[in-house]
Amino acid sequence: MARKPHRADEAHHRPETQHRRARVEVEFDEQTVLGALFGQFDTNLVQIENRLGVYISARGNRVLIEGPDDAVARARDVLKGMHQRLLSGQELDSGAVESLIAMSVEPTLEGIITGAPGGAPPIMIRTRKKTIIPRSPTQIDYMKALISHDVIFALGPAGTGKTYLAVAQAVAQLISGSVQRLILSRPAVEAGERLGFLPGDMKEKVDPYLRPLYDALYDCMPPEQVERRIASGEIEIAPIAFMRGRTLADAFVILDEAQNTTPAQMKMFLTRFGQNSRMVICGDPKQVDLPGGVGASGLNDAVQRLEGVEGIATVRFNTADVVRHPIVGRIVEAYEGKDA
């Protein structure tokens with residue numbers, strides 16, 4: 001296997017620290033996945049080294065980890081989680097490695113990454129195109145809430161998986177037949193823009209605002225199935241204004257960018273709830289584009305009124321839960337720190 005050229009000479013550059021140092025050797029029985037485990041030119045090992053401040057050397061199916069004892073323990077658990085993920089047939093990219101590193105600070109990591117005998121994690125969402133597992137501790141709580149509660153408020157910054165996981169769960173329930181319809185909605189409000197000035201008919205005007213919902217759908221279902229289900233009415237994607245006067249029964253309903261609803265719109269939306277339905281309301285309370293700012297947001301108003309009500313769950317994400325490229329989390333943190 002090709003090795004990163006300079007790694008052989010890195011031993012004398014191992015991270016120094018005031019903490020007690022440790023050495024741990026990990027042996028992997030299933031060698032067919034070692035290439036994917038280490039990554040091309042050991043990029044996965046380098047990622048762990050850089051993030052946790054340890055030194056990792058690989059010889060055959062044995063991996064030696066050296067560094068501060070707590071960091072070594074985390075690196076060992078991350079490597080075991082990566083190996084288990086590959087054995088269960090899941091993909092392993094830099095984002096998956098980053099999520100395992102992030103979750104390694106949690107005391108429940110062993111249960112998350114090892115799961116039941118055979119390698120399956122304890123909670124997952126299966127769709128036609130992929131199997132989705134949580135990438136942060138808050139995502140675990142969120143995925144459990146998506147199963148157990150009727151109405152879920154998902155609050156937090158971009159990149160935390162709020163809408164994506166909701167769409168994935170909705171697709172899984174639509175495929176299994178536990179709901180008959182999937183309804184995705186957003187307010188057609190953006191900073192400084194008005195629909196009347198956009199070209200085209202109503203569909204052409206609002207589709208750009210709904211594009212993130214289409215993207216999540218296409219990632220969970222083959223495109224031809226998405227188009228067929230949209231044509232049959234099983235999947236509906238529409239602005240929140242189209243919800244007025246309806247009762248949404250036997251449906252999984254998702255409202256995205258909910259911070260840009262007014263209190264009246266939010267009340268209208270929530271009262272559409274029907275029998276055998278589930279509603280997920282996603283938004284970032286700090287990113288309100290409405291005139292009047294945060295105080296005018298129907299999302300903030302609804303959470304204040306409804307948090308703690310039976311059957312309603314509120315899940316709060318923060319910058320540590322961002323599962324896009326690590327720099328996205330740093331950008332969000334910089335902006336939130338400035339605002340604070």
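Which residue in S8 is the bridge partner of serine 185? I looked this up in the model, which is a predicted one, and found that the partner is alanine 238.

Strand pairing. I then went from that one bridge to the strands themselves, and noted that S7, residues 181-186, and S8 run parallel and are joined by five bridges. For S8, which spans residues 235-239, I checked how far the strand is covered, and recorded that four of its five residues are buried, so that I have entered the strand as mostly covered.

Threonine 163. I next turned to helix H7, residues 162-176, where threonine 163 is found. I entered threonine 163 as buried because its relative accessible area is 15%, and the cut-off for that term is under 20%. Looking for what surrounds this residue, and leaving aside its neighbours within four places in sequence, I listed Leu213, Asp256 and Cys282 as the residues in contact with threonine 163. With aspartate 256 I also noted a polar contact, made between the two side chains at 2.6 Å.

Aromatic rings. I searched for aromatic pairs and found that the structure holds one. The pair is formed by tyrosine 142 and phenylalanine 317, with an edge-to-face arrangement, 5.4 Å centre to centre and 90° between the planes. I placed tyrosine 142 in helix H6 (residues 137-148) and phenylalanine 317 in the loop between strand S11 (312-316) and helix H12 (326-339), so the pair links distant parts of the chain, 175 residues apart. On checking exposure, I recorded both tyrosine 142 and phenylalanine 317 as buried.

Methods:
Residues numbered from 1 in each chain as written. Predicted model: local features only at pLDDT ≥ 70, side-chain atom pairs only at ≥ 80, totals over all residues. Heavy atoms only, no water. Buried < 20%, exposed > 50% of the residue type's maximum accessible area, 1.4 Å probe, protein only. Helix = DSSP H or I, 4+ residues; strand = E, 2+ residues; numbered from the N terminus. Pairing = 2+ DSSP bridges. Polar contact = N/O pair within 3.5 Å; in protein donor to acceptor, adjacent residues only side chain to side chain. Contact = heavy atoms within 4.5 Å. Phe/Tyr/Trp six-rings, centres within 6.5 Å; stacked < 30°, edge-to-face > 60°.
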